[in-house]
Amino acid sequence: MSAGSKAKMSSAIEPIDKRKIFMQCFLSKGILSATEVKELLIFCGVPVESKSDMANFVLSVNASLAPFHLEIKKGIQEDDGASFYCLVNTVESSISRMSSTYSSTELELFKKLVEQIVETDDGKLGSLAALSLTEKLDKRMGKEEAENFFDRLERDKWIKKELDGKISLSVRSIVELDQYLKDMYPDVIRICYICSKLCLLGENCDSCTIKIHKKCARTLFEHCTEKRCPDKNCRSVWG
Ligand SMILES: [Zn+2]
Ligand SMILES: [Zn+2]
């Protein structure tokens, strides 16, 4: 390495390069946890102590991404409330835009999986039911191949598998497929009564259609001696 390039490396990264590094990381990974974003910001020399500095930096990156119809959006994992940042397409909402990463048969299976999960009450589909979806595909896919595909979807944070094998949609699907799910399943999709965001994993009222994220329910009932449905026309005992 020449003395010149060494000096360049050790000097502070230019603002435009900071944004470039940040963008490139998102373009290659698609999704980063809040911790990974913080580490990346530190690497880029962006102050992370102040929330507004971080937010302003993400805003400036998003301004650069806007002409490409891309945006970095924050999302919350429904089951544990963990924060993630996803690179989303602001124009194309359909699942077919994932075609650069997955084959058409894989996407057909993913679509069927999403449909089945959305139509359950608890937002989870058993592993056998998920694998049996391969029988409904136009082109044949073996069970082992399907299992490998599900593992890949889990690694890429589209789905989440529980210890008992049950599959739910993970944070990336919640953020990136938000509009798709609302457009495709307007009759079954539920919105959290508290945070107004898409709610697949959550607690249901036994008497009405209200659904609330577990985390939102914890906050709601924190100081209540008796848990009741928050809808003033319902008020049924909760859970
Ligand atoms: Zn909520
Ligand atoms: Zn209710």
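Two residues are taken to be in contact if their C-beta atoms, placed from the backbone, lie within 7 Å. With that in mind, I would like to begin with one helix. What I present this morning is a predicted model. In this model, helix α3, residues 34-44, lies across β1 and β3. The helix runs at about 90° to β1.

Let me turn to the sheet that carries these strands. It is an open sheet of three strands, in the order β1-β3-β2, and the pairing is antiparallel. Which strands form the edges? They are β1, residues 31-33, and β2, residues 70-76, each of which pairs on one side only. On average, neighbouring strands of this sheet are turned by 25° against each other, with direction ignored.

I shall take the two pairings in turn. Strands of a sheet pair through backbone hydrogen bonds, in either a parallel or an antiparallel manner. Between β1 and β3, which run antiparallel, there are three bridges. In this pairing, Ile31 stands opposite Cys86 of β3.

On the other side, β2 is joined to β3, residues 83-89, by seven bridges, and these two strands again run antiparallel. Two positions will help you to find the register on the screen. Glu71 faces Val88 in β3, and Ile72 has Leu87 of β3 opposite. The strands β2 and β3 form a hairpin, with six residues between them. Within the turn, Gly81 has a positive phi of about 75°.

Why is β3 described as largely enclosed by the rest of the structure? The reason is that five of its seven residues are buried. For this purpose, a residue is called buried if 20 or more other C-beta atoms lie within 10 Å of its own.

Now let us step back to the whole chain. The domain assignment gives domain 1 as residues 11-89, domain 2 as residues 95-183 and domain 3 as residues 191-239. The centres of domain 1 and domain 3, taken over C-alpha atoms, are separated by 32 Å.

Finally, I come to the database record. An unreviewed UniProt entry lists residues 177-224 under "domain: Phorbol-ester/DAG-type". How much of that span is helix, and how much is strand? Residues 177-224 are 31% helix and 8% strand, and the end C-alpha atoms of the span lie 34 Å apart.

Key. Residues are numbered from 1 along each chain as its sequence is written. Chains are lettered from A and ligands numbered from 1 in the order in which they are written. This is a predicted model: local features need pLDDT of at least 70, side-chain atom pairs count only at pLDDT 80 or more; totals for chains, interfaces and linings use all residues. Two strands pair if DSSP finds at least two bridges between them. Helices (H or I, at least four residues) and strands (E, at least two) are DSSP runs, numbered from the N terminus. Axes are lines fitted to C-alpha atoms, for helices over the stretch in contact, and angles run from 0 to 180 degrees between N-to-C directions. Domain bounds come from an automatic or database domain assignment. A residue is buried if 20 or more other C-beta atoms lie within 10 Å of its own, exposed if 12 or fewer, and partly exposed in between; C-beta atoms are placed from the backbone. UniProt positions are given in the numbering used here, feature names are shortened, and annotations may be inferred rather than shown by experiment.
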